[in-house]
Amino acid sequence: MLQLEYLPASRLAHGHPGDLADVLGGICFARPAAELQLPDLPLLAVDLETPPGQAPVCEIWRSSEPLASGRAGAIRYRESESLLFGCVELDESAGTDGKTPLQAATEAAYGSVFALLEARGYRDVLRFWNYFPAINTESHASERYRQFNVGRQDAFLAHGHAVIGAVPAACALGSAGGPLHLAFLAARAPVVSVENPRQVSAYHYPNAYGPRSPTFSRAGLARLGGQDMLFVSGTASIVGHETLHRGDVAAQTRESLHNIAAVAAEAARHAPSARFGLDALAYKVYVRRAEDLAAVREVFARTVGADVTAVFLRADVCRADLLVEIEASGGHALGPGAQAFLTRRPSCAAVSV
Ligand code: 3EB
């Protein structure tokens with residue numbers, strides 16, 4: 001069984017070993033990045049701001065199967081019989097052979113992930129999470145998100161992976177600082193890549209958005225322990241391939257949720273017994289401008305419901321005109337800590353906004 005829980009980062013920083021025996025891995029968001037003294041757990045510590053009044057938060061994935069930790073170069077990972085969660089941080093050192101430093105770091109990080117997965121016999125990745133600073137900044141005559149896309153695609157190609165069709169779900173956000181951060185969840189079960197009928201597949205974006213199309217699917221679906229698990233990629237106010245509602249954060253939030261509903265409905269066609277309605281998913285909501293948080297929360301609560309688990313974070317989004325990006329997951333259990341992150345919470349001082 002796979003369970004998602006959101007916990008205040010302090011719960012991990014102070015070490016509650018009994019709490020952590022069943023942790024497969026996770027991602028912690030704090031500004032500055034949390035210093036976690038838990039070397040055997042693949043916990044990515046990302047430098048991202050939580051909203052005023054909300055404590056730094058960790059997204060924790062737990063498993064009821066026996067777990068074992070490992071390391072491969074810079075990658076820390078932990079695996080069960082059916083899943084492997086890993087994380088890696090890589091500095092942008094010098095670029096080589098005409099590659100920019102970010103491009104080279106991205107290619108190296110993905111290359112090491114694929115090498116590990118080949119060695120351990122995993123064919124499919126359910127989800128990648130990508131974070132790196134200054135995502136919209138130009139350097140070396142190219143936006144950094146575009147440099148990232150070149151490095152990522154080259155690693156997929158070098159390891160014989162498809163770059164259209166059967167590609168993993170992902171998100172790519174701008175962190176406040178630090179090295180390139182990557183987390184991933186691989187499955188022994190086959191993963192079905194799901195696209196959104198309202199959107200051009202990202203791997204078919206025209207080259208106006210960069211020399212290489214981004215290598216990700218709109219969602220990944222896998223059957224784990226008799227349950228259909230859904231991982232919806234970062235989803236924004238894009239219809240076709242164009243950004244809609246420039247400058248209107250409320251409309252962008254509605255459009256993003258409309259897109260999530262469309263991709264979840266598409267996933268449900270492959271998994272007819274699953275419950276992937278908007279109110280059955282758990283969310284992370286990345287908001288570009290702190291001053292938009294209240295408006296995004298409002299639209300989100302009205303559209304999705306009051307009793308839905310959602311964590312809000314301040315982050316840069318991969319197109320300069322996107323103000324919000326929302327990701328979601330479903331089909332897994334939710335831990336008790338998730339209660340503290342309901343859309344509209346009754347009262348919880350540690351996380352109130
Ligand atoms: C988009 O739909 C918005 O490059 O891995 C969303 C999810 C976005 C994943 C990625 C980018 C990525 O194009 C941006």
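Me: Hi! Which residues are around the ligand?
Reply: Happy to help. In this predicted model, the residues around the ligand are Y145, R152, A170, C171, A172, Y205, F216, R218, G234, I238, C318 and E325.

Me: Nice. How many of those are nonpolar, polar or charged?
Reply: By class, the shell holds eight nonpolar residues, one polar residue and three charged ones.

Me: And which element gives the most to that shell?
Reply: That would be β11, with three residues. Both α4 (144–158) and β11 (169–175) supply at least two residues each.

Me: What about polar contacts: how far is a ligand oxygen from the side chain of Y145?
Reply: An oxygen atom of the ligand lies 2.5 Å from an N or O atom in the Y145 side chain. For R152, a ligand oxygen is 2.7 Å from a side-chain N or O atom. The side chain of Y205 also has an N or O atom 2.7 Å from an oxygen of the ligand.

Me: How much of the ligand does the protein bury?
Reply: Taken alone, the ligand exposes 360 Å², and the protein buries 100% of that.

Me: OK, and where does the ligand sit?
Reply: You'll find the ligand in the largest pocket.

Me: Let's zoom out. How many helices and strands does the protein chain have?
Reply: The chain comes to six helices and 21 strands.

Me: What radius of gyration does the chain have, and what would a compact globule have?
Reply: The protein chain has 19 Å. A compact globule of 353 residues would have a radius of gyration near 20 Å, so the two agree. Along its principal axes, the C-alpha trace spans about 55 × 45 × 40 Å.

Me: Switching to the backbone: which peptide bond is cis?
Reply: The one from R31 to P32 is cis, with omega near -5°. P32 is in the loop between β2 (23–30) and β3 (43–47).

Me: Why would I take note of that?
Reply: Because most peptide bonds are trans.

Me: Fair enough. What is phi like at H140, positive or negative?
Reply: Phi of H140 is positive, near 50°, in a residue other than glycine. Most residues other than glycine have a negative phi.

Me: Where is H140 found?
Reply: H140 belongs to the loop between β9 (138–139) and β10 (142–143).

Technical notes
Residues numbered from 1 in each chain as written. Predicted model: local features only at pLDDT ≥ 70, side-chain atom pairs only at ≥ 80, totals over all residues. Heavy atoms only, no water. Near = heavy atom within 4 Å. Polar contact = N/O pair within 3.5 Å; in protein donor to acceptor, adjacent residues only side chain to side chain. Areas by Shrake-Rupley, 256 points an atom, 1.4 Å probe, with all protein chains shown as cover. 1 Å grid on protein atoms, 1.4 Å probe; cavity = no way out; pocket = protein on both sides within 12 Å on 5 of 7 lines; lining within 4 Å. Sits in = over half its atoms within 2 Å of the grid points. Helix = DSSP H or I, 4+ residues; strand = E, 2+ residues; numbered from the N terminus. Nonpolar A, V, L, I, M, F, W, Y, C, P; charged D, E, K, R; others polar. Rg over C-alpha atoms; globule rule 2.2 N^0.38 Å.
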